[in-house]
Each structure stands twice: as C-alpha cells, then as structure tokens.
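Biologist: I'm new to this one, could you walk me through it?
Modeller: Gladly, let's take a look together and go piece by piece.

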Amino acid sequence: MRRLAIVPIVLISCALFMTSEAQTITFSFKDVTLDSVFSAIQRQTPFRFIYTNEELKEAGTITLSVERATVRDVLELALKNRPLSYTIEKTFITVRRKQNEDLKEQRKILNGVVLNEKGEPLAGTTINIKGTIYSTISDDKGNFSLANVNEKDILVISHVGYESKIIYVGDRREIEVRLSLTVSKLDEVQVIGYGETTERYATGSMSKITSKEIADQPVTNLLSAVSGRAPGVFVQSVNGLPGGNIRIQVRGVQSIAAGTDPLYVIDGIPFSSSSLTIGNSDLSFVNGAVNPLGILNPMDIESIEVLKDADATAIYGSRGANGVVLITTKKGSYGKTRLNVNFYQGYHSVSRYARYLGLKDYLMLRHEGFSNDGITPSSDPNDEYYAPDLTVWDTTRSTDWQKWFLGNSDPVTDAQASLSGGTANTHFLFGLNYHAEGSILPGDQDYKRGGGHLNVETGNAGGRFHAQLHVSYSTDDNKLLKDPSAVNIASLPPDFPAYNSDGSLNWELGLNPYAFLRQKALTKSSNLVSNALLKYRLLDGLDLKLNAGYTRTEMDMLSTLPASSQDPALGEPVNDAFYGQNRISTWLAEPQLAWMRHFWGGTLQALLGATFQQTTTGGYNLEGSDFANESQLENLGSAGDIINYGNHSTDYKYVSLFARLNYGLQEKYLLNLNFRRDGSTRFGPGKQYGNFGSAGAGWIFSKEKLFRHRIPFLSYGKLRASYGLVGNDQIPDYQYLSTYGNGYVYQGIATLTPQVIANARYSWETTHKTDIALELGFFRDRFLVTASYFYDRSSNELVAYPLPYISGPFGSYEANFPAVVENKGLELELHAALIQGNSFNWSVDMNLTLPKNKLVSYPDIANSPYANTYTVGQDLSSLKGYRFTGVDPATGVSQFLDVNKDGLVSYPADYLAMGKTSPRYFGGVGNNFKYKGLSLDVFFQFVGQDAATNLYNYIPGPAIQNYIDIALRRWQKTGDMTDVQKASADYGSEASSARLSLSSSGRQIVNGSYMRLKNISLTYQLPASWLKRWKFEQFSLFVIAENLWTLTADRDADPEVSNGLNYAVPVLKTLAAGIRFTL
Amino acid sequence: MGQPAGKITADEVFSDSSLLQQALLNLDLTLGYYEGNFTPFVGMYTDELGTSRTISYYTDFYNNNLQATNATCANIWRYLYSAIYQSNAMLEGLPGAKNIPASLAQRARGEAEFIRAYSYFYLVNIFGDVPLVLSTDVGKSSLAYRTNMDSIYAHVVTDLEDAKSVLLDSYPGEEKVRPCKWAASALLARTWLYLQDWKDAEQESASVISSGQFSLQADLSQVFLKNNGEAIYQIWNANGYTTLSGLIPSSSFSAPVYFLRDSLYGSFEDGDGRKTAWVINDTISGYPYHCFYKYKQVRKPASDADAEYISLLRLSEQYLIRAEAEAEQDELNAAITDINTIRMRAGLPGLNPTLNKDEVLAALQQERRVEFFAENGHRFFDLKRWGMIDQVLAQTKPNWQKDDELFPIPQGELNDDPNLVQNPGYH
C-alpha cells in the first residue's frame, strides 16, 4: 500500500467527476472501524477508496447512521474530529492523514540539511524540484533552502558518488536527508583534473583502478596493478627486477622516439617518471632504468585514474597528449579512530624460463657444427678453431646456468598499518609501511622499502574554510647486480667451468658468473610527496582554492668494480667504484577560482586557475679508483684517485592559465569546455607558449521519456563525444640552446664538451583527439557496457630526431617530426553482476582494446633518417628486414628473398616489411565470486601481438654459447625440411654468414601473443559474531598470487619483457598469504 | 619566463679564455677515445695480432668478418666525427669570440684544424670516401653524400698548412699532449707520402727532422714514455698508463687477450732490439705467447718517471717517410741512410749500400712493419697503399677478401642518412 503516496498526486490533477456524488447512501453502524463505513459506500456507489490501514487504525471506531446521504455528507460526518481528511477525484476517494489546514495548497519555504552516510554534512548536493527548473545546492554545512515549494512537490536530491533520493515534500517545513554511498559503478566518484565527476555525468573518457584492485595484487610497483584493467592503456614491464621500469602507453604510441609516458599527477602535483639513472652506464644496473614511481607504496593509493581523451586531458594542455594518470592517496574519514593492518608474506620466482639445451644436446650440436664445416675443434688457444667447450673443459659436468642465475629463492614481505579517524570537521589518516623482498638472482641481493603517509583534513565549523594536507615519504634500498650484461649468464654453455683449475676465474668467454656477484650495485632512493589544498568560500557558489605542493626524489647510487671481478687479461685490474647522487624536485602552486551557479534548469560550474611550476634536477657523479683494498670500495675516502665527472643541473619552469566551463541541463544534457595556455622553458624564445583546449558533450538519453517508456530495462544510456587539442612537452631541457658541459679530464684540467646540437626551431607538438562513446546500463545498472571509439592525430611530434654521427656526436637532436601519426581504436568495457543473491554473488568485468596506429604522411620520407624504418600508411612499430624464405633442404643454409635479384641479399634494397610489434588487441577479464565471507578474484590479462626476439638469431652458430631447444629441429642432412639451419662452427662458413642476416630478418619476429593469469586473490572475511566477540571491526585472511600462469604462442621469450631473455629478467611470479584487519 | 640557469652556453665559452681552453682540451681527449678503439682491433684485422677470445667482439676483426652493425667500427667512426664536430664548432665560434686574446684564438684555430685533419686522414684510410663535413649545421650535414678521397685529402692538406702557419714551434705547456706546429708538419709529411707526392713528403719530413725539437731515443724502452724526445704528439692520461694497456698481458696466469701472430714475431731479424724491448714472452698453460710490450706501464701510479702516453706521431716515422720519399725519387743513398738511422737505433747493422730501388723499398717496408707493429693502424694502411694487402693477407687470413680493404660504414649512419652508400662487400 505504500505506493499510494504517489497516486493522489495524479488523481488531484484530474477533473472532478461530479455526477457520482449525486448518488445517496444509507447505513447504520455501531462501534465499527472506518473501513466498514468505506465498504458500505463502495457497495452503494461507484466510488472507490484509497487509504492505508495504518491511517485508519489511528482513527479508532465509529458509531454512525445515515439515510440517503450524499457521499460528501457521509465523509464529513465520519471523519469529523478524526485525524483524517479526504479528497474526491472522479470516482476515487483518497483518505489520508489530515494536513495542517493553514499550509494547505500554499507555497512555502523549505529548509533542509543533507548528510552523508556517516551523518556528516554533504556540501554541493543538488536539490531539484522535480519537473521544474528550480533547484539549489547545499552549502558546506549541508544546509539548503528552497522557496516556492508546494506540499505536493517532489524533491530530487543528488550528489556525485551518492544514491539519488526522491522525497515527497508534504507538510514539512524542514527536512533532513541522508544520502548513502552509491551502489552503481556509474556513480562512484572519479577524480579528474582539478575536480571530480562520476562516470554517469562525465563527458570524457577515463578508467579507474580502485584501492581494492591494488590491494588484491602483491605488486612491488604500483603501475603493475594497472596492467590489463584499463582499456586503451597498455602496460609493459621492461624488466622484472625491483625498480625495473614499467611503461604505460595510453591509446597508442603518440610520440615516436621519446616521451610516450603519460603525465603522472599525485594528489594534484605532477610527478616526474623519467629515470634519474639515464645517461650514466656505470650507474645503470641490471634492472635497467629505474622508474621513480616504483618507490611509491601501492597500498597508500586510493585510486588511479587514467584520463584518455581530449575532454579529460585538455585541462593539462601541453602535457596531456600521452594521457594523464592521476594518483590519489588515501584520506582519513569521520568516526572513531580505527587501526587498519595489512600483512602478507610470500615468495617470488621467475614466471618462465627459456628452454636451453642440456649438456648432451649442446655438445652434439657443437660437434656437428665442426663436422659440417669439415674442421676440427682445437685445444690450442692460438688456433683458429679453438673450442675449449669441446676440448678443454670437463664435458661430463653440467650446470644449468639459467637456473643458477634466475632460480633463487626470493621471499617477499609486506606490512602496512594505518590509523584513521576524526570528528565532523577534522579527519586524519596516518600510515606506515614496510616491504622487503629477496632476489631471484644469486648472491647477496635484496630490496627493502619503508615509508609513512599522513593526511589531515580540517575545516572551520562554518564551512567557509577547508584545508587538506598530505605528506608521504618513502625510502628504498635496492641491492642488485651491477652489470646489465649479467643476463648473458643464462646462455653460458652447460659445461662452462666458472673456475680454472688453479682456482682463478675462467674468463675465456669474456664473462664470469662469479665475477658478476662480486660487483655491487646499491641504490638508495627517497621520495617525498607533499601537498596542501586550501579552500575558502568567498561567496555562496564561489570558492577560492590553492593547491600547492612539493615533491623530491633522490637517488644515491654506488657501484663497485673490485679488481677480483675484472678480466685480468684486459689490463691489470684496478679497484674501482662509481658514486652518483641525483635528485629531482618540483614545486607547484595552483591558485584556482571555482564558481557554481544554477540557472536555466541546469548547473553551471566554472573553473579558472593558474599554474606555477618549477622542476630542478641536479646531481653529481664521481669515480674512485686505486683503492688499496676491495673492502674499502664503499668509502670514497680510501680511493687513491678520484675522478670527478662533474655535477649537472637543469631548471624547468612552467606557467599556465586554465579554465573549464561545465554545464549540465536537467541531468540530461552535458557540456564541458576546457582551455589551457601553457608556457614552458623547454622551448626557445618565441616558441614558449601554446594554447590547448577541448569541447565535450554528453546526452543521457535514458532520461528521455521515449527511452524510459519504450525500453524499461535500459536503466542508463549515454552518448558522449569530445574533440580537442593537447600537447606533449616531455623533452629534455635546454635543447634549443647550444651548451657545453663537463667532459673528462685532460692534462689535469676538466674539459668542456658540446652537449647538444641546438635547435631553436622546434615548437609544441599537437595532438587532435576525437572520442565518441556509447554507455549503456541494463536492469538497474547490473549490466554496464561502454564502447568508445577514439581517433587521435598527432603532428609535429617532438622527437629526438635521429642524426648520423657525421652531424655530431649525439645521434639525434630535438626536433619536430614532420609527419602526421594516427592512433585510433575501439575500446569495449563490460561490467556484469551476473548473480546477486543473498549469499552468493558473481560479477564479471571485461575490457578489450583494438588499437591501430598509422603513419599518415611524411613529406619526403625517402630523404630522412626514417627512410628505411617507417613506411607511410603503415604502423610505426612496423619492422623491415630480409624476408626469410626457409632453409634450403640441399645445403641446410637459411635463405632470404633477393628482392632486386642482384644475386646478393643486401641492405636496403632487399629489405621488406616484416610485420609490426604494436599490439593488435589487448585486454583483461576479471571474475569476482563472493560466497558469504569468501571472496575470490580471478583476473586474466591478454595481448595479441607480434614480438621481436633475439633468441633465434644465434642458432646454431659458431659462438660458444648455449642455444634454445629449437636447435633440436635443425637441418642435419640433405633433404631435411626445417626452419632452423644447420650447425656451423666456422665464422667463414656460408651458414655463419646467413646467421648474421637472420638477425635482421623476419625470423626474429615471433607471435608474442599471450594470456596471463595476472592475479588471483582469495579472501575470507571472518563472520560478524566472531568480530563482535573479539572486538574487530573487520578481519580477513587472504591468499594472493601474481603472474601465476601464462599461455603463450611462443614458449621461449617472455611475452611481456620485450626483448626476450637475452636482455632483461622476465617478470616475476608471486605467491603470498596474509591477513588484514581493522580494530 | 626567463632563461634557464645552470648551463654554460656556447656564447659563454667563446667569451672566456679559460672556458675556451677547457673546450679545446676536449679535442685531444676525443682522439684518445678513438685510438683505444682502433689500434688493437686493426692489429687483429691484419696479420699482426691474434686473440685468445672466442667472442665475436674480438673474432669478427680477427676473422675479417665485420658487419655493418659492428659496434667497434661504429665507435671509430663516431669518435673521429665527434672530434671533427668539435673542431668545426671551435672554428665557427672563434671569429665571433669576445674577450679572447688573439694568440689564444690563433692557437685554438690551429689545434682545431690539426685535429680535424687527423680525423679525416684516419677516416679516409679506414672507410674510403666519407662525407666531408665542415660545419655544425645539421642542415648541411645530416643528408651528406660521401665525398671522394681526393677532395678530403685536399682538405686535410689545407687544414694542416693553415695549422702550421698559426701554431707555434713550441708546445702549449710543458707536455707534448697538444699539437704544436711540428705535429701539423709531421702529419702533413705523412699525408704527402700517402698521396705519393714524394717531393713534398721529403721536404716536410725533413723540416721536422731538422727542426731541432726532437731526437730519437737511444734506449728502445723509452720510446713511449711521456714527453720523450722522440714524441711529436701524444695523448695525455691521468695515471701514466695508456688506454692501450689492454694489449699488454697483465699477468702470467691467464691467456692474454691479444698476442703477436707468429708471422709477425718471425719477421724480426735476429738481433733486432725491438724484438726484446717491445715484445714480452709468457708461457701459459703450456702455450707460449709473444705479446705487445711497447707500452709497459700497465699499472703505475701517476707522476712516475716511467709513465707513458700514447704516441700518435713520433720522430722515427719522419725518418721512414723521408726514406720512402727519397727511394721513390731514386735518392737511394739518402734513403738507406734514413733507414739505417732507425735500424741502428734497434741494434741492427746498416743496409747494404748497393741495394737497388726495389730492394731499398722492400727494406723500408720491412722496417716499417717491425717499427710500427700494432701502432696506429700503420700496417693496415701501409699494405693498402703499397697495393700488397690482398697478396700478403691471403697467406695468413683465410677469410680475407678484396672488399675487406675498407671497414663497413656503420649501419646506423646508413639508416640516419639515406644518401650514404655502403662499401662494397657489406650488406
């Protein structure tokens, strides 16, 4: 009967049905309830009653007799002095509680307060009188006031991130509304540049990774948690070791040679993702370039939002072209002080090994090479055909060097604790974290990270002033192997003896595994991120804000090169050590004015702001040599000789003006305009300023009557589109200036050397981004589907334009790439709550991206450095090389297509397109199962791509190194049909020459597609009764696993680490178990 | 927004004497980088050195199996062009320089011209025709074509003539690690010799020999000491041992990376002092090795009296240049006298004074072989200019092919400059 509350409204608006009232009624009752009276009326007239039993109960019993009375007379008598009133509409009589007569039918002022689920005031809530253009917004205390409210009016109360409420005004003059956090994914808060929105009202394209998704993954680097979860965002681990770089590409390769990283912003402060180690090979270790983002503690992060299209990124103007990754840290919340603890313990191992030959096969292959070439392996080092692996070493002893190098035990421990709580005006969160892992590599390696995080929010009681402060600090300590070429250990021959018979290291192959272990690489980093957001309400609807912050990352590096780790044949070894300290710091201030106003039935939000940013980098590098003792290498003071490579510094300044205008009409029609003017010192005089902007629009058509009535199961439907212009300024500083920097020392004097080929002509690159998307929700948003099409065109991309060394010793200079590059694609996202039961729930999230990249135009490409790399009309990752046509069954030698039929396979005439390495498709599928306290998440990631690998280039050749097992299907005798050529041991043989062509042939392109069980987590939440007894607010146990299983088309190369085993350590597999509780 | 701070701009370098000096020193430094990447490798490439290493980094040279992608070839090219770039930058900046004394500006010009000439001399001899780049303007160089050798030699001569005219007799400072007038002259003498301009070669080398600035070291073990009397131009190093120390075995326990091939070791005449002073013999695991020992200070602290610098130009070459030029002009007696000067210093008897021209030239060739073995690529260049390389190397190098006379143009250069064409035999 509750539905009746709405019905009278409809009835009142209709004309009265007068004729029925003429009919008369006769009855006599004693001590009956009113419904007996109503029943009598219904029997004797066509009138029908609408009432609720509760209301009648309050009316008590009645004794009444009437004869031939009209309906009105009977009702007047029956309801007299009772708390009930009636209305008659056509043949319906509605009986309801009596209203205050004074207010009836009058317009009034309604005052109210909006509170969130915790009872705190909720500012910025929209209160709209349904069907009208009248609306207001709650203030900082949650209060609002609406004039001209009729008791029949219905209020629609909505707030980003909360469930909307519909409230019947009735006779109230004051109301209190409590909104609960939204259930629909569509209404979750999404952080955008300088503001917030929800998927429902967004006009731009973005993806969100929540803290829960991060917590479910035992990742060392935060960015790993994004992999596979966001459509259009391609994540690739460059190296599996701690500190190893992780590349993120948003919607394809916008820039060609450099600077394809998105802009990272932590709580409003831009954060440099470029490695501090680049450019110093002595301090670039086996984990490659170190990404400073790796120092962040993943568990401190509340959400990661990846902004993709122009609408979302144009507010970042010149830095938005490669997408923007917004990282938001966790904040405290209102309520009693809680202690949260999260702990896990697990271990790492290599996700996959390459299949190298065992000793027997290896020796057979080598011998076969010699006999194929008609030569004999010699034990004389002076001989051309010296083959110690066959003639000198003990061929009965075998070592699996790959397992020796990558197969070591590697425990991982992670502990997090935080305290949070607060009053209505002040909240805080304080957390500490610790993470430690061993290493899969042999020797004394490990990685430790620890840090703290503080977040305080406060405001004065009146709500005019609000301040939010955030500081997080983390520090890590990474002990690794120094020499990146240590990865070559994996391909040492199985009978390679690391030691000579006299106990000295064996250097015959130019490397020694134990020597690598004696070299240390120590990196200590620290990272401070701090910011303050101050807000002051100048007028109702007008806020003055200041976002100010400071970040600083420091890396302190030391690598040692003890004499005992060096090949003595290359000169008398010297105890050497390299010291480096590098830092980057950024300060930023962004004053902003935010204005909100309601008119024309909609809400206008305007933002005007300015950015002042300065980033400085600096550091120095020293080399200490001639240490008397190997144990003193970490103490520079003990060096006999110190070489100063000088210090370096850069200073980057950035100023901007930005503005946004957002108008939402009737929560149906959305318009969003962004503008930004940027100035950057990375550009030369006259080229420093650039303008960027976008326009986005959305139409929530599911709110239109037509769709509401015709397609009732469509709970949400939105069409949105955006177009805009964004840029990229990720180029090194001072490239327009001809500068000199420190060279080395000559005649005891530090020299100066040119640092760059200056180019005063380069200017901003521009990317035009177009995005169209359809978003649909079915059955009260249980099923959500989003399909986006993006079309980006970049021109004048800033690249390190390749130059031959005849133009200068740098290999490149900064210039605009005189070409148009297109990235387009389709992104599909599906969320389905398949089963929503009382005890069992099953939901699925899927995403799929189908990207396409094309070089649209390049004037006069034939006369450019790209003449033999890029082809107009093709993908930029397309590779050219010789066309491998198979192994000649007669000779066993690899054959290549002689395109110009000149009898020679030669560059560049015989180069043909070999394929591309950019992904054809990628995505992820996640399943979440919940049964009572158990929750199981299973996440698969998949990529369809071709990859270039070097594993095939060397087989089976004269080099003394192990080969992977495809060598087993090599050509052995005339007539063999196979794709692997014969073994050879002579550098001069025909097969050996062909081997060299193999490395620049299509043979190196393999199917690099893979599907990876990226993540599994099983969590058991202890039942409420238990929690109550032990006074826990929450307690769960969990098991988590990362990269547990991988299915690949090509089973040898690691599919994610791009270059295969020979260059980098594959991604790691993690298994861990832990607990999580709240007190 | 103002100009960023914290950088030394080119304008500042050319308006401050001490900064300009610092920039100038980097030219010599760069040549030093090149040298270490060249000498041992070209030694393996010809018939001088063997290697105990089985990895392609070494064996590709030893087996005459160079590819366009060879990293060492690319380094050689890169360091030489880097020296050229820096010289060009110096020569472009000097005319507009402010606050620089004229004497320093002149010296800087001469040194830059010398370094540029030296670099081009090596480039043409290693790679054949190479692009002649005389400006730092990317627009002029990035799509350059290869220039024929004659034009490059002509430019080398121009640079050296000018350097000779502006550089002083004496070295700047105490050491011989920056070019003076006589370094330009010595390289010019070598250039005339390579161009077979016998008359100029004779004159130029004579002017160096008679300058009174240099004298042959009587003690063979002192020929490569720093600033020794024979040195004309050397490359400085901090601790007294050169970047060529890799050529020298550091211990008698493990096999040396490089060793003298038997054919070279066997080519010394009995009693040749160089065979003992410049070669060291070790026996490792039962195998005898003869190793390069011109430089000995693998490891000595700085300021040691035995400290060594790499010699790029030394007086004995001038004697042999003059001898060859004289012989080619049928001045056989004079030629024999000059050859004997070198022979006698090595403890060998003088040549038979009745030798005919071919015999004198043959003696000269032998003398150059043992005097300059594993030094600055002399053997490689000499065999080529004498037209003997195919015939000689065919005896000891089974993979030697005619096209191996030139190193491959680095693949990266072909990629970045589509107007460059690879040398024959490489693909």
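**A helix in chain B, then other spots**

Modeller: Keeping in mind that this is a predicted model, we can start where Asp16(B) caps the N-terminal end of H2(B), with a side-chain oxygen that lies 2.9 Å from the backbone nitrogen of Ser18(B).

Biologist: How many residues does H2 of chain B have, and what does it reach from its first C-alpha to its last?

Modeller: Helix H2 of chain B, residues 17–45, has 29 residues and reaches 43 Å between its first and last C-alpha, which is close to the 42 Å expected at 1.5 Å a residue.

Biologist: And where does H2(B) bend?

Modeller: The bend is at Glu35(B), and it amounts to about 25°. As for its surroundings, H2(B) is mostly covered, with 24 of its 29 residues buried.

Biologist: Switching topic, where does Ser135(B) lie?

Modeller: Ser135(B) sits in the loop between helix H5 (102–127) and helix H6 (138–141) of chain B.

Biologist: Is Ser135(B) buried or exposed, and why?

Modeller: Ser135(B) counts as buried because its relative accessible area is 13%, and buried means under 20%.

Biologist: What is Ser135(B) in contact with, leaving aside its neighbours within four places in sequence?

Modeller: Beyond those neighbours, Ser135(B) is in contact with Asn88(B), Glu92(B) and Lys140(B). With Glu92(B) there is a polar contact, side chain to side chain, at 3.4 Å, and a polar atom of the Ser135(B) side chain also lies 2.8 Å from the backbone nitrogen of Asp137(B).

Biologist: Over to chain A, which strands do bridges join to S6(A)?

Modeller: Five bridges join S6(A) to strand S9 (residues 143–149), and these two run antiparallel, while five bridges join S6(A) to strand S12 (residues 174–178), and that pair runs parallel. To pick out some partners, Val113(A) is bridged to Asn143(A) in S9(A), and Gly112(A) to Ile175(A) in S12(A). Strand S6 itself, residues 108–115 of chain A, is mostly covered, as six of its eight residues are buried.

Biologist: Last thing, where in chain A does pLDDT stay under 50?

Modeller: Residues 1–19 of chain A stay under 50, and the model has 24 contacts for them beyond four places in sequence; residues 101–105 of chain A also stay under 50, with six such contacts. Taken as a whole, chain A averages a pLDDT of 85, and 93% of the residues score at least 70.

Key:
Residues numbered from 1 in each chain as written. Chains lettered and ligands numbered in written order. Predicted model: local features only at pLDDT ≥ 70, side-chain atom pairs only at ≥ 80, totals over all residues. Heavy atoms only, no water. pLDDT = per-residue confidence, 0-100. Contact = heavy atoms within 4.5 Å. Helix = DSSP H or I, 4+ residues; strand = E, 2+ residues; numbered from the N terminus. Expected span 1.5 Å × (residues − 1). Bend = angle between axes of the 7 residues up to and from the residue. Buried < 20%, exposed > 50% of the residue type's maximum accessible area, 1.4 Å probe, protein only. Polar contact = N/O pair within 3.5 Å; in protein donor to acceptor, adjacent residues only side chain to side chain. Pairing = 2+ DSSP bridges.
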